[in-house]
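The following report goes through selected local features of a predicted model, from backbone geometry to sheet and helix packing and the cysteines.

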Amino acid sequence: MVDRSSLDERAAPEPGGRRAAKSAPSREPTDRLVNSRMHLAMPHDSAHKHVTGEALYIDDLPEPAGTAHLYLGLSERAHAKITAIHLDEVRAFPGVLAVLTAADIPGVNDISSTGRHDEVLLASELISYHRQPIFAVVAETRDAARRACRTAKVTYEDLPPVVTVEEARRAGSEFVTPPLKLERGDIAAALRQSPHRLTGSMRLGGQEHFYLEGQVALAVPGEDDDVTVHSSTQHPSEVQHMVSHVLGIPSHAVTVEVRRMGGAFGGKETQGNLFACLAALAAKKLNRAVKCRPDRDDDMTITGKRHDFLIDYEVGFDDQGVIQASDLVYAARCGFSADLSGPVTDRALFHADNCYFYPSVRARSEPFRTNTCSNTAFRGFGGPQGMVGAERLIEEIAFATRLDPLDVRKRNFYGRGERDITPYHQRVEDNIIGEIVETLEKTSRYRERREALRAANAKSRIVKHGLALTPVKFGISFTATWFNQAGALVHVYKDGSVHLNHGGTEMGQGLYMKVAQVVADEFQLGLDRVKITATTTGKVPNTSATAASSGSDLNGMAAQAAARMIKERLIGFLAEEWSVPGEEILFEAGLVRARNRSMTFEELVHAAYMARIQLSAAGFYKTPKIHWDRKTGRGHPFYYFAYGAAVSEVAIDTLTGEYRVERVDILHDCGNSLNPAIDRGQIEGGFVQGMGWLTTEELWFDKEGRLRTHAPSTYKIPVASDRPRVFNVEFFDGGGNREPTVGRSKAVGEPPLMLAISVLHALSDAVASIADHRFCPRLDAPATPEGVLFAVEEMKARSATLCREAVR
């Protein structure tokens, strides 16, 4: 057995003993075999394949002979009873092989990921959202299946749709999952005793995932009950279980495999279940391979998004801007089913404090059911929405006290040894936000630039500039404690080559490369000796979703444990052969040494094989220390926190509302980065994606519940020209993670997205300059050019009113 406490022997920094910030080293190896494969800036394992087009995605795989194609028949109503379905013309359409309805499901007509049994695979009686799947057509070609779908005739009895959070509140709509309340202190008394109080509301929009590779599944039937499903999914084990439930067969009959996804961002954690289950259902029914790949428009209308919120707040504070009490309500549009809305809205509350201590606090969620697509996981998983609410409180207080928002932020930061208890009663033990912000404030020249921009704005009638520095504290772990586990399988072959498999999935984030670096480091081999293989339920069972920024933490530790098991066996064998203590045997640069003797890794492995030493191991890891009791709202749900801060500068055109991001400076905490090149890409990409969410990406549903922004023509993600003109990214060198994670690294998938909140506040700062920062613009998100223009006009009107009153 491997001692889990010794899985990483690098010393943790002492609390408070942190070094000055500097960029993480991007050390390029001068040789394929070096002492450490971790912490090096190595390219993504498939980078060359991505740019040459050699990387195989599911739609690129050679199709088995006789592959059929499945397409979905979708509802034309958002809320209605189905009174009749006429499919005779569909069945008679040339090339059609089968038409599947709910009646053709041999198992259960349910794909709800949380076991609430509120999400049917195919609707048969009640339509709950626009474009909900009703039937599926399987044909010889995809074109034939699509065209056949259009010949169906469905009649409805219309019901009134509930589309927005406001409508849900007025209608008394039910919650899709029990709400959560976090509370500490006497909130009523604290608000009463506060020298100042203010209330407000904020609308915060959702976001389409817009992965480059859309949803897709290819199912291949086998003998007996067996079926293999190639699914573009972040959660192969969940797809396996869903397919088994729909088909009414054991999980062991279903194998799910995924080599890579072309992006996911949370949109393939549960949303791929529908397409995989239908492909498998058709494949077993017809006994031939079946592929399901919807168009982009249908993909966008069928699948869930980032949750949009209506945030209501009341905050009490003193003359210095220090918060005394916060009362927060986060109401979410969850869609027609629970999906992951419970944990998403929970995590929003977990991050409603961001980096700030609330002496008395009450935070409540309202996860409303609506007649829209069921919203789901998205990078940050509710955390970004929680933080946006926290930053609105800070902004409001800054305007009310006429203080610089950065000063208000710093005065409310969590402390060390005091003022360090979160609303969910976890102590913040690794707080480094003060050092990060102090360093970034200096390196970005925040104070000097702020004064310069104020002077420039006073001279510029049309173009106004804004500047903001915002921090990030993001909790790392699944709040569903049981998901914090991972398995890995490592084989060492007789020639010394290594086969690696684990439960994590690759969606472009570089997980496969990082875990391969961990294994290569253990055996001291070049990365060319470690084979990265596709994630499959046939090798590592019962895996967790690759989500919650935990992929490297969990799978890296599991793979390291497996490699160390094999390594310990090799050391034991060689110690006996060479008659040396095991602790004297060193693996270094492809060699194994002890005293004055050495041999190659390949020679050792072959000798061990001849001595019948097991050269395969299954590693396992579970995150320690974490626990959470949702009923009491107390626990230690996060293993550690990742920190960062960003300064953004923007310029707005007050005549049109158009704007550009002039400069961004980021200082982010990656611990001891496993791969600085990959982590830098995650920081830059996460920031731009967050910037899109808060600025240009607007989801618009009409009164009938129809999504009108369902294509690139109407839904605007950031493009290359939207990138900040100056984009500075540095890593904070805080001595590594104080918790014994793999290589003392920190998660970096989700936290950088929230650095983009600085763009929203920079826009707000620019708008506020029109009225000399006398009024808080209360800018909602996304802050589209139209939204900015409306805010500009409001500032002008309020300023004019103030001037008229002054004259009177």
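## Backbone exceptions

His-39 lies in the segment before helix H1 (47-52), and although this residue is not a glycine, its phi is positive, at about 70 degrees. With a relative accessibility of 12%, His-39 falls under the 20% limit and therefore counts as buried. Lys-625, likewise not a glycine, has a positive phi of about 75 degrees and is placed in the loop between strand E24 (616-622) and strand E25 (627-629). At 43% relative accessibility, however, Lys-625 counts as partly exposed.

A further departure concerns the peptide bond that joins Ala-781 and Pro-782, which is cis with an omega of about 5 degrees; Pro-782 belongs to the loop between helix H18 (757-768) and helix H19 (785-807). As background to these entries, most residues other than glycine have a negative phi, and most peptide bonds are trans.

## The eight-stranded sheet

An open sheet of 8 strands, with mixed pairing, follows the order E3-E5-E1-E12-E9-E10-E11-E20. Strand E3 (96-100) and strand E20 (535-536) form its edges, each pairing on one side only. Within the sheet, strand E9 (residues 217-221) and strand E12 (residues 290-292) are paired in the antiparallel sense over 3 bridges, and Ala-219 stands opposite Val-290 in E12.

Helix H7 (residues 273-286) packs on this sheet, where it touches strand E1 (68-74), E3, strand E5 (133-139), E9, strand E10 (227-231) and E12, and the direction of H7 makes about 30 degrees with that of E9.

## Packing of H15 and H16

Helix H15 (residues 551-578) and helix H16 (residues 601-610) have axes that come within 10 Å and cross at roughly 80 degrees, and the two helices are therefore roughly perpendicular to each other. On the H15 side the contact is made by Leu-570, Phe-573 and Leu-574, and on the H16 side by Phe-601, Leu-604, Ala-607 and Ala-608. The residues of this contact comprise 7 nonpolar, no polar and no charged.

## Cysteines

The count of disulfides in the model is 0, with sulfur atoms required to lie within 2.5 Å. Cys-355 is in no disulfide, the nearest cysteine sulfur being that of Cys-670 at 15 Å, and at 1% relative accessibility Cys-355 counts as buried. Cys-373 is also in no disulfide, with the nearest cysteine sulfur, that of Cys-334, 11 Å away; Cys-373 is buried as well, with a relative accessible area of 3%.

Notes: Residues numbered from 1 in each chain as written. Predicted model: local features only at pLDDT ≥ 70, side-chain atom pairs only at ≥ 80, totals over all residues. Heavy atoms only, no water. Axes fitted to C-alpha atoms, helices over the stretch in contact; angles between N-to-C directions. Helix = DSSP H or I, 4+ residues; strand = E, 2+ residues; numbered from the N terminus. Parallel < 35°, antiparallel > 145°, perpendicular 65-115°, else oblique. Contact = heavy atoms within 4.5 Å. Nonpolar A, V, L, I, M, F, W, Y, C, P; charged D, E, K, R; others polar. Pairing = 2+ DSSP bridges. Buried < 20%, exposed > 50% of the residue type's maximum accessible area, 1.4 Å probe, protein only.
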